Amino acid sequence: MSSVSTANPPGWASLPESLQAPAQSLLQPGEQPLACLVVDVDPTRHFRETILLLTDRRLLSTPVSPSGVLELSAADWPLADIVRLKTFDRGGLGTLELLGESSQLAVWHYTIGHGPQVLALIEQLEQLKHPADEQSAPGDSTEPPEAETFESPPDTRALFRLAQFAWPHGQWILVGLLLSIGGTIASLVPPALVKPLMDDILAPAQTVIEARQAAQAAGLPAPDAPAIPFGSAGWYLSGLFLAAAAAWILNWAQAAVLAAVSERVTADMRNRTYSHLQKLSLEYFGGKRTGDLMSRVSTDTDRLCSFMGDSLVDFIADALLVVGTAVVLLWWDPRLAIVSLLPFPFISWLMYKSRQHLQHGFQSSSRAWGQMTSVLADTIPGIRVVKAFAQEGREIDRFAQANEVVVQANMRVNAVWTFFWPMIGFFNRMGVLVVWACGVWLVYRNFLAGGTDNMTVGDLVAFVAYITQFYGRLEMMSRFVNSSERAAASAQRIFEVLDRVSSVPEPARPIPLARLNGELEFRGVGFRYGNRKVMHDLTLKIAPGEMIGLVGHTGAGKSTLINLVCRFFDVAEGAILADGVDIRSYRIQDFRRNVGIVLQEPFLFFGTIAENIAYGRPDATRAEIIAAAQAARAHQFILQLPDGYDSLVGERGQSLSGGERQRISIARALLIDPRILILDEATSAVDTQTEREIQEALQNLIHGRTTIAIAHRLSTLRQADRIVVLDRGRIVEVGTHEELLAHAGVYAGLHRAQQELTRDIGL
């Protein structure tokens with residue numbers, strides 16, 4: 001065994017114990033490991049783990065076999081050959097590039113949950129390559145800004161991914177396909193019945209009529225008429241009626257079955273998309289507009305429903321009929337069939353070209369719809385601000401501009417489509433014209449040959465009926481290009497959400513958790529927003545039931561700390577322990593059930609006051625809800641409302657005052673009885689009297705719970721057991737209110753500044 005450092009490098013704990021010894025065996029004598037990373041996607045985009053190990057000499061990469069054994073044939077690159085590591089992510093898939101002086105040395109892929117560990121590896125390499133600039137983040141280098149990236153065009157292959165939603169309804173889809181086949185067969189019958197009706201009845205009758213008219217005009221006796229089986233006409237007409245009725249019934253049943261299936265498929269898709277959104281971390285929502293996400297869940301799924309319920313159903317029926325008609329044509333008369341299908345390659349080429357032009361148009365249209373919906377999502381919740389600043393006209397103009405972008409995007413699509421579709425119709429009519437021309441020539445040749453060429457008027461009429469049906473359905477199928485490209489753009493936008501991997505993953509082997517005691521410990525915690533490091537080596541232990549006050553200048557890291565405690569984000573370095581266990585080892589839901597939070601701006605949902613208080617515990621009884629409201633000092637004002645606890649609060653609680661919303665929020669936190677409580681500026685936006693009432697409610701909430709409170713009004717933290725002062729992501733002071741004042745440090749300076757401000761404004 002080679003001699004290695006006894007201190008495990010960052011990321012070493014992510015290695016299974018069975019791989020740690022083999023990984024160490026890869027090191028040379030005296031080589032020191034500095035950082036370790038496990039990436040989980042191979043170059044072919046399949047899930048397979050690869051271990052990256054950075055040492056003081058080189059970077060090693062060794063894959064893990066499917067059986068979980070480390071392959072000892074490691075690739076390595078000396079540090080002298082490495083310029084830097086670069087990372088970026090697209091749609092939830094991260095890419096890590098190893099760059100040399102003039103080329104890319106290697107590339108790895110990873111799901112976005114490994115992002116913090118990747119950034120830690122990059123920083124370690126930067127510190128190793130540039131020790132004089134150890135505090136710089138990977139994004140602080142002098143490299144030019146990354147070029148603008150463009151959304152890839154919609155790929156119709158995204159439509160095939162809808163099969164995963166259709167599979168549970170496969171039996172009904174099969175029924176629909178069988179009905180389609182039956183309707184196709186019924187639609188192929190009428191032209192076949194037209195031939196004997198023409199050749200055996202109508203054409204001979206017309207010949208007799210013309211002969212009699214000619215004899216009458218010449219003054220001659222009428223010639224003897226051959227026997228014409230007019231009695232059979234009724235059977236032929238009955239057959240035509242029955243075929244039409246059968247086709248109608250079968251096509252109706254097919255459309256009804258597949259339309260119902262499409263509704264269920266899109267409902268499942270909406271549920272899956274919304275469910276997946278709920279599981280994504282706050283990091284994802286920070287980079288998205290609400291209106292765009294709403295558009296994906298509502299508008300895009302509705303387009304897919306229309307596509308599967310209408311366009312796809314019609315396409316299936318049309319395709320079956322086109323294939324069936326082509327088979328009948330080739331069986332009937334191969335010569336005429338081949339001639340009649342001459343325009344088909346041109347039509348196929350036009351459909352392909354129109355598809356290419358429509359792809360980008362529909363993508364732009366979907367993006368424009370999302371932007372327009374985002375304007376609505378911005379202005380409707382913020383209508384009070386709009387009116388307060390008299391900006392109604394400006395918002396009307398902003399919506400009109402967004403709407404005009406939608407119109408222009410659709411106009412570009414329509415310009416393409418209105419050119420190609422009539423052109424396809426022209427070629428369809430040319431196909432019918434070719435059949436008439438060749439058919440007339442064949443009938444004429446049959447006439448000259450004395451009827452030995454087997455091409456009768458009935459054959460021609462039936463053939464024209466078939467080819468008209470063929471090209472008519474082909475023209476309808478050409479419209480499928482339009483709807484399929486629109487649907488592909490919508491499907492791609494939905495799968496962009498579904499393919500996104502949460503940066504706060506569930507543990508592979510979760511530790512069961514019922515109820516915490518409330519002990520918290522921060523061990524060397526570091527965190528980044530992107531490439532910017534905002535928290536450095538934070539270490540702190542909080543006893544069960546202890547109240548900790550967090551203070552510091554704006555941007556010191558207070559909100560980041562509570563986001564990490566709630567596991568809205570995961571730490572990039574170190575660990576946060578609850579009752580001695582890394583919180584990443586608990587199921588997210590189990591852990592968060594033990595955490596209550598009261599925000600600076602409480603969010604209430606549209607519904608009754610009782611429903612909002614019971615949001616964290618929907619099964620709570622009315623007595624429990626009232627008890628929580630009483631403890632939160634909210635019971636009295638609730639009783640004064642017209643419907644008491646059944647009063648509607650309006651969207652975002654706009655019908656209540658700020659203090660009333662805050663007390664409802666406190667009651668909501670009380671009802672779930674959390675072991676860890678987070679107070680984020682809970683009294684900063686209310687008047688003095690309301691603050692006093694909220695402080696009384698908070699006393700009931702804090703009692704017996706581990707509490708972390710953020711407050712800019714330092715007077716509200718005097719009751720805290722300890723006050724932690726943060727500055728630029730580091731703990732700079734810890735102590736009681738009196739101890740920190742006596743220390744005359746950062747806290748004392750903040751306290752003195754607040755007293756001076758209070759004195760200056762006369763409070």
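These questions and answers walk through the strands, helices and cavity of a predicted model.

Visitor: How many helices and strands does the chain have?
Guide: This is a predicted model, in which local features need pLDDT of at least 70 and side-chain atom pairs count only at pLDDT 80 or more, while totals for chains, interfaces and linings use all residues. Residues are numbered from 1 along each chain as its sequence is written, and side-chain values use heavy atoms, with hydrogens and water left out. Helices (H or I, at least four residues) and strands (E, at least two) are DSSP runs numbered from the N terminus, and the chain has 22 helices and 17 strands.

Visitor: What share of the residues in the chain is buried?
Guide: A residue is buried under 20% relative accessible area, exposed over 50% and partly exposed in between, with a 1.4 Å probe and protein chains only. The chain has 763 residues, and the buried part of them is 46%.

Visitor: What is the strand order in the open sheet of 6 strands?
Guide: Two strands pair if DSSP finds at least two bridges between them, and in this sheet the pairing is mixed. Strand S13 (595-598) and S17 stand at the edges with a single partner strand each, so one side of each has no neighbour in the sheet. The order is S13-S14-S15-S10-S16-S17.

Visitor: By how many degrees are neighbouring strands of this sheet turned against each other on average?
Guide: Axes are lines fitted to C-alpha atoms, for helices over the stretch in contact, and angles run from 0 to 180 degrees between N-to-C directions. With direction ignored, the average turn between neighbouring strands here is 20 degrees.

Visitor: Which residue in S15 is the bridge partner of Asp680?
Guide: Strand S14 (residues 676-680) runs parallel to strand S15 (residues 706-710), and 5 bridges pair them. Within this pair, Leu677 stands opposite Thr707. For Asp680, the bridge partner in S15 is Ile710.

Visitor: Which residues of S14 lie on the side opposite Ile676, Ile678 and Asp680?
Guide: In a regular strand the side chains alternate between the two faces of the sheet. In S14, 5 of its 5 residues are buried, and both faces are covered. Ile676, Ile678 and Asp680 are on one side, and on the other are Leu677 and Leu679.

Visitor: Which residue takes a positive phi in the hairpin of S16 and S17?
Guide: Strand S16 (residues 722-727) pairs in the parallel sense with strand S10 (residues 547-551) over 4 bridges, whereas S16 and strand S17 (residues 730-735) run antiparallel, joined by 5 bridges. One of the facing pairs in the hairpin is Val725 with Glu733. There are 2 residues between the strands, and the positive phi, near 55 degrees, belongs to Arg728.

Visitor: Which strands of the 4-stranded sheet does helix H14 touch?
Guide: This open sheet has the order S9-S8-S11-S12 with antiparallel pairing, and its edge strands are S9 (532-542) and S12 (581-582). Helix H14 (residues 558-565) packs on the sheet, its direction making about 115 degrees with that of S8. Contact means heavy atoms within 4.5 Å, and the strands touched by H14 are S8, S9 and S11.

Visitor: How many residues of H14 are buried?
Guide: The buried residues of H14 include Leu561, Ile562 and Leu564, and the helix is described as mostly covered. Of its 8 residues, the number buried is 7.

Visitor: What is the volume of the largest cavity?
Guide: On a 1 Å grid over the protein atoms alone, a cavity is a set of points where a 1.4 Å probe fits but cannot get out, and lining residues have an atom within 4 Å of a point. The structure holds 1 cavity of 30 Å³ or more, and the lining of the largest cavity includes Leu564, Asp570 and Arg584. Its volume, the space filled by probe spheres set on the points, is about 40 Å³.

Visitor: Is Ser665 buried or exposed?
Guide: Ser665 belongs to helix H19 (residues 658-671). Leaving aside neighbours within four places in sequence, Ser665 is in contact with Ile597, Val598, Leu599 and Pro602. With a relative accessible area of 2%, Ser665 is buried.

Visitor: Is Gly231 buried or exposed?
Guide: Gly231 is found in helix H6 (residues 231-279), and its C-alpha atom is 9.4 Å from that of Ile201, 30 residues apart along the chain. Because its relative accessibility is 61%, Gly231 counts as exposed.

Note on methods
1 Å grid on protein atoms, 1.4 Å probe; cavity = no way out; pocket = protein on both sides within 12 Å on 5 of 7 lines; lining within 4 Å.
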